[in-house]
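Here are my notes on the two-chain model you sent over. I've gone through it point by point, starting with how far to trust it and then working through the parts I'd look at on screen.

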Amino acid sequence: MKAHLGRFIRLCACLGLLPLVSVAFAQIDRSRFLVIPYGWLRLLVGFIVVTGGIALAAYLYGRATRPNKAGTYALTAASHMFIWVFILLTLFPVINLLAVSFNRANNLNTPPPREGNLLVRAGVLPNPENFSLVQYRTVLSDTNLFWYQWVLVGLLVVAGLVLIGAIFTNRTNPGSRSVERVRNAAIWALIGSAVVLVLSINNSQFYSVNEAGERNPSSSEKKVVLFIRNTLLVSGLTGLFAVAISTTAGYAFARMKFDGRYSTLLGFIFVQMFPGFMALVAIFYLMNYLGLLNTFTGLILAYSGGAIAFASWIFKGYLESISPSLEEAALVDGATRWGAFWRIILPISIPMLLFIFLLQFIGTYSEFILANILLTGDDKWTVGIGLRSFTSGRFATQWGTLAASAVLGSLPILIIFYSFQNALTGQYTAGGVKG
Amino acid sequence: MTVDISRPVSDYLPKGSGGTGGRLWKSLLLLLLAITIAAGATFITLWLAQQIVPGAPPYIGFLGGLAALIVSLQVIARRFEWIMPWYYLLPSILFLLTFALFPVVLTIILAFTDYAGIRNGELNISSRTDIVGVQGNTVTVADSATLRCEALRDGCADVAAVIDVSGTSTVTATSLEGTALTLAEPLLEGASPSVVTLELTDIGFSAEFNITAAQGNTLTLERAPPGEVDLENVGLEVPSEGIRRTMLAVDGNTVTLDDPLPEGATYAAITRYNDFGFVGVQNFTAILRQAGRALGPVFLWNLLFAVSTVLINTVFGVFLAIFLNNKDLKFRNFYRTLLIIPWALPSIITIQVWKGFLNSNFGAINRSLALLDLPVLDWLGEVWPARGAILLVNLWLGLPFMMTATLGALSAIPEDLYEAARIDGANVWQRVTGVTLPLLRTALVPITLTGFAFNFNNFGLIFLLTGGGPGYEGGTSTARGTDILISWAYNEAFQAVGGYAYGLGSAISLLIFFITIAVSLVNFRVTGALKEESNI
């Protein structure tokens, strides 16, 4: 009991030090901010009281129903509270971003209103009275799609909705053949229209028409759709390229025995440890020499080094985890090595290849340094570089535009991530088990 | 075919699939031969392409190389069947050699050069100086200061230069038949005129005619001039493609060249090339010389950042995962889905959004802190708050991953261990510290080491959030408060404040290579990732 008391006193002392620390740090003029005196203390006490109350209620409930589980009940109730704190902290930036993107105020320094919700008055959240779609309208205003691209956009949305519907129907009524057929059709329509859209949109479609009927090329903050298209194109091609080149290598490593296998494997691993950006000057020099600066080809090739090594390594691991008996049967039946690879291994590893593609796709989407060095013209920029042009320089006047662009730019990856959530996060779960 | 199942499967496999049978060097030599042929074909194709279409992009050559490669591989495979495994590896190996290994080698080479924005081996347009007179191999220029010889390593000696043949010159022609214009004297070396101006005597004014071909002293015009022309007075326009020479010395306004210029032409201007070459260990001594102001602080912060961010993320990740691992917790999958949102958003975008939140006067972070009466910091304007901001944002970005990985590791801990602990009378706290944490450690060590290696070079986070800043007193303009090694190298190489010192940037990259190798070796030693492979 004494040890507990000592711990308690030390905890109190630490908490007591916090206000002192806060005074020491308070060097910024605080008159500009809305301050609740000792707000942190109120919040802390409030949280402890609420959590304690809920835990106590759970404990009492548990003691009345299942006495030996009462402690667990209290603990679980408190866990809910703790996790909600984490969730709120995690989601706060996302909610704030969404709110800003749907707000008329474009300036970060817009003064908060005098009345209304406490958080709104403090400027923590934007004023809901200024709700507007103007940021999105600005960002998209100069995007002039051709009629067939509008059709494709429509198809994309319809296919997406059909797909969601089909998945839900499948969950309530599994095993229906027609639903499955509809789902497959929707998937193909989705992929097809997305690919054609990405390939067909180009820089010349971004202009505004003035009163005299002349076309003015857009400034870069109105080209977000183009940036997204560029990023999707580069990421998609890098992923496809990595998968196409590395499958044979992964197969050779997994299934063939030859001299130099171990050293080659080691070489692949070492290369994988050096992503292209570490040799950034050399990549820049090489691409300059090859005349591939400011081209997607150059960027994709620069990514390919790390991508191929990584993809071969994963594919090798996958092949080693499945039994070779299937191909051996085919080989005994007279198939060639290549035939066995092409007709048996590739078809059965399509889910794995998709997984490798997605990993590469998501990784490339967020790459910054090489894209920043190699892509110089704003018609070639990726989303990250485009956003950077809003944050450096004219930042204070571009906050709303940035938020709307950020939301639009995040959507593709968000959709892909949650569509394949289990596959994408499961590997680390499995990795943890193995380690 | 009857199959005798007592024999090993390999007896039935087709030839050329079992392995190279110890012929490693032979295989590599054959591959090298094929690649050499392909490389030769690449250069020949490139040369031919540039002869036919001047200015053809260099990568055209690769198409020819690819064709040659496929043909030579076919021929080799017919003769040496056992080489097949290498064929499966060849595409990857080729790309790795070109776009992964070669840049590393190039980095090592460039680290020993003074390659820079003003030393890039290219034509320096701003050094263009007018030529006043030419005498054999000596050229008198209007102002030799424009050549800026002092910016070069050994002055202008042994530096290449281009001498422009005068933009327009007046020559005499002998005859005009249709579109063929014959000049009195053959064209000068290096001069490829594009336009002639002819005085049309019938009409009384002059007109320009494009030249489609120039051979010796005969020019072929695009269209025939109408009526008579003044043959005595032909204006010849030469685009600025000039004669290339090497400068030997510059003395006053006199430039001595290695070869005399052809006589009889008017020369407009001389433009020098930028030089760049090996400077030994000069880049490394430069790094060491400012070790106290740049290398030291940057390296220490780099290490501190990588270690502390991994520690913080792991602590929070484990904490959250232990809560979420509670089987009695309802909605735990829903909670998990909400908590991994930062992982699902592209970090390249969210980091830049965080920059807005961290704005000291108007950002949501400071407004929230002020609302709670907590200390308000100038997050991006001062060194230590900026470092804190980086750790905070990286926690937000990395927590979902650590949480998921820890949940995976937790689910692998057998339930009966907890059961045994419970029977032995351990309470919740003792079960966490006695069972969960020790078993987690083995699973988390590889993850944290990978996280360390990743964060050690986490350029995107630093560059997009703080840009390496803020600067501090006593630091340099390229290695500021939150710069890590890789962003320092970037600043030296690609930011104007670093003077585009590519060589210095490469030297820093080389240091990063060594550190990364060391970290990875430790990683392999600890995790034993390669052990099972080496036994095969």
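1. Start with the little hairpin of β6(B) and β7(B). Two residues sit between the strands, and Gly178(B) has a positive phi near 65°. The strands, with β6(B) covering residues 173-177, run antiparallel and share four bridges. If you want a pair to click on, Glu177(B) has Ala180(B) as its bridge partner in β7(B).

2. Staying with β7(B), residues 180-183, which residues are on its covered face and which on the uncovered one? Leu181(B) and Leu183(B) make up the covered face, while Ala180(B) and Thr182(B) are on the uncovered face. That fits the usual picture: in a regular strand the side chains alternate between the two faces of the sheet. β7(B) also pairs with β10(B), residues 218-221, in the antiparallel sense through three bridges. There, Thr182(B) is opposite Thr218(B).

3. Now the confidence, since this is a predicted model. The predictor's ipTM for the complex is 0.87 and its pTM is 0.81. Chain A has a mean pLDDT of 83, with 90% of its residues at 70 or more. Chain B averages 81, and 91% of its residues score at least 70.

4. Where in chain A is the mean pLDDT of an element lowest, and where highest? Helix α1(A), residues 2-25, is at the bottom with 54, and α8(A) is at the top with 92. Keep an eye on residues 430-435 of chain A as well: the pLDDT is below 50 there, yet the stretch has 12 contacts in the model beyond near neighbours in sequence.

5. As for the general make-up of chain A, it has 18 helices and two strands. Of its 435 residues, 36% are buried. Among contacts in chain A with a separation of 6 or more, 73% are between residues 24 or more positions apart.

6. The contact between the chains takes 105 residues from chain A and 101 residues from chain B. On the chain A side, helix α3(A), residues 70-101, gives the most, with 14 residues. By class, that side of chain A has 68 nonpolar, 30 polar and seven charged residues.

7. The largest nonpolar core has 163 residues, and Leu280(A), Ile356(A) and Leu370(A) have the most contacts inside it. Helix α8(A), residues 224-255, supplies the largest share of this core, 15 residues. Another core lies apart from it, with 19 residues, including Ile83(A), Leu320(B), Leu324(B) and Leu399(B).

8. Which residues does Leu280(A) touch, leaving aside neighbours within four places in sequence? In chain A, the contacts are Ile369(A), Leu370(A) and Ile373(A). From chain B come Tyr490(B), Ala493(B) and Ser509(B).

9. Chain B has a barrel that is worth tracing by eye. Six strands close into it in the order β1-β2-β13-β12-β4-β14, with antiparallel pairing. From one strand to the next the twist averages 45°. For the pair of β1(B), residues 129-135, and β14(B), residues 267-272, there are two bridges. Asp130(B) has Ala269(B) as its bridge partner in β14(B).

10. Elsewhere in the barrel, β4(B), residues 159-165, pairs with β12(B), residues 243-251, over five bridges, again in the antiparallel sense. Here the bridge partner of Val162(B) is Arg244(B). β12(B) is also joined to β13(B), residues 254-257, by four bridges, and these two strands run antiparallel. Met247(B) stands opposite Leu257(B) in that pair. β12(B) and β13(B) form a hairpin with two residues between them, and Gly252(B) in the turn has a positive phi of about 60°.

11. Last, how many residues of helix α8(B), residues 347-357, are buried? The count is 11 of its 11 residues. The buried set has nonpolar side chains such as Ile348(B), Ile349(B), Ile351(B), Val353(B), Trp354(B) and Phe357(B). It also includes Ser347(B), Thr350(B), Gln352(B), Lys355(B) and Gly356(B). When you look at Lys355(B), bear in mind that "buried" is a count here: 20 or more other C-beta atoms lie within 10 Å of the residue's own.

How values were computed:
Residues are numbered from 1 along each chain as its sequence is written. Chains are lettered from A and ligands numbered from 1 in the order in which they are written. This is a predicted model: local features need pLDDT of at least 70, side-chain atom pairs count only at pLDDT 80 or more; totals for chains, interfaces and linings use all residues. A nonpolar core is a set of buried Ala, Val, Leu, Ile, Met, Phe, Trp, Tyr and Cys residues joined through C-beta atoms within 7 Å. A residue is buried if 20 or more other C-beta atoms lie within 10 Å of its own, exposed if 12 or fewer, and partly exposed in between; C-beta atoms are placed from the backbone. Two residues are in contact if their C-beta atoms, placed from the backbone, lie within 7 Å. Two strands pair if DSSP finds at least two bridges between them. Axes are lines fitted to C-alpha atoms, for helices over the stretch in contact, and angles run from 0 to 180 degrees between N-to-C directions. pLDDT is the predictor's confidence in each residue, from 0 to 100.
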